[in-house]
Amino acid sequence: MDQEPLSSIAGIQYGREDQPTLVLDLLGPSPLPQRPLPTVIRVTGPGWTEENRAGYTVSRTGIRFLAAAGFLAAAISVRLSWQASFPAQIYDVKAAIRWLRAHAGEYPIDPDRIGIMGDSAGGHLAALAALTGDNPDLDGDSGTLGYSSSLQACAAISANSDFLDLDLDLDCPPPANPARFCRDLHGVDAYTQLFGGPLREREELMRRASPLRYVHRGAPPFLIIHGTRDETVPFEQGERLHHALQNAGADTTFVPIEGGHHNLRDQPDLPYSGEVWDSVTDQTVEFFRRQLREPQA
């Protein structure tokens with residue numbers, strides 16, 4: 001399905017004028033229709049430390065599969081943890097959501113049907129954004145104000161849900177040179193850098209960043225996918241978020257990938273591709289079609 005011609009609009013700035021690095025790419029059917037399309041945001045990653053927006057635009061497992069299925073897809077950049085500590089990242093995601101609503105008349109965006117997805121760090125931000133729509137504590141003041149930051153569906157893959165439930169060295173200091181830190185996405189350094197200091201001094205900020213804290217009955221529908229052998233974000237993080245949503249009466253679907261590592265593959269050093277990712281993209285399309293009410297293409 002991703003062999004269909006697609007329409008691409010790249011490098012759109014969505015943040016304030018003093019935040020030129022906050023840009024998004026739009027990808028949709030070709031030609032773009034006049035009617036508004038359900039829109040899905042893909043949050044970049046990994047590890048809150050590296051920009052991969054362009055890769056998400058072109059890769060099979062990025063946003064091409066969404067655009068080929070008839071959605072308008074948006075790959076967004078956010079400030080990285082060596083540029084700014086949390087909550088800058090969630091402020092940026094919320095700014096992108098508001099920008100899409102503000103420009104629904106300029107692009108084929110349906111402001112009432114906006115979903116979000118991400119994996120790893122992107123999955124964490126997607127889940128946090130979905131659970132904190134219009135929450136003034138996490139909305140920030142970046143970008144277009146006066147529009148809702150709520151979402152109608154969320155797919156979170158291999159995502160953190162509770163930072164205080166991780167087995168971390170709370171006394172570990174942040175990297176000595178944060179601007180060069182992109183080497184170890186799996187160690188405690190990734191968390192000390194995200195939160196801007198030793199974790200023992202950042203426990204309230206870690207709680208504030210944990211999607212599990214914000215679960216409520218009116219949460220949008222969730223699709224949660226997690227590998228049972230995830231070596232980076234424990235499988236229990238996805239499982240606990242699913243159970244919390246279920247207990248709150250929210251619509252949630254949990255897909256455990258038996259034997260899957262953080263990349264959902266049976267070996268941790270394999271690329272994010274193969275049969276398991278083909279299945280994940282198919283399930284994600286089905287989920288967003290169901291929740292955003294998009295007719296079958």
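F254 is a good place to start in this predicted model: its relative accessible area is 19%, which is under the 20% cut-off, so F254 counts as buried. Keep this residue in mind, as we will come back to its partner after a look at the aromatic pairs in general.

How many aromatic pairs are there? The count comes to 10. One of them joins F163 and F195, whose ring centres are 5.2 Å apart. Their planes meet at 85°, and because an angle over 60 degrees counts as edge-to-face, that is the name this pair receives. Now find the two residues along the chain: F163 sits in the loop between strand 6 (153-157) and helix 6 (188-195), while F195 belongs to helix 6 itself. The two are 32 residues apart in sequence, so their pairing ties together separate parts of the chain. Are these two rings buried or exposed? F163 has a relative accessibility of 1% and counts as buried, and F195, at 1%, counts as buried too.

Back to F254, then. Its ring pairs with that of F235, with 5.6 Å from centre to centre and 40° between the planes, and this pair is tilted. Here again distant parts of the chain are linked: F235 is in helix 8 (residues 235-247) and F254 is in strand 8 (residues 252-257), 19 residues apart. F235 has a relative accessibility of 12%, so F235 counts as buried.

Finally, ring pairs can join up into a group. Which residues do they link into a cluster? The members are W48, F86, F163, Y191 and F195, so the edge-to-face partners F163 and F195 both appear in this cluster.

How values were computed:
Residues numbered from 1 in each chain as written. Predicted model: local features only at pLDDT ≥ 70, side-chain atom pairs only at ≥ 80, totals over all residues. Heavy atoms only, no water. Phe/Tyr/Trp six-rings, centres within 6.5 Å; stacked < 30°, edge-to-face > 60°. Helix = DSSP H or I, 4+ residues; strand = E, 2+ residues; numbered from the N terminus. Buried < 20%, exposed > 50% of the residue type's maximum accessible area, 1.4 Å probe, protein only.
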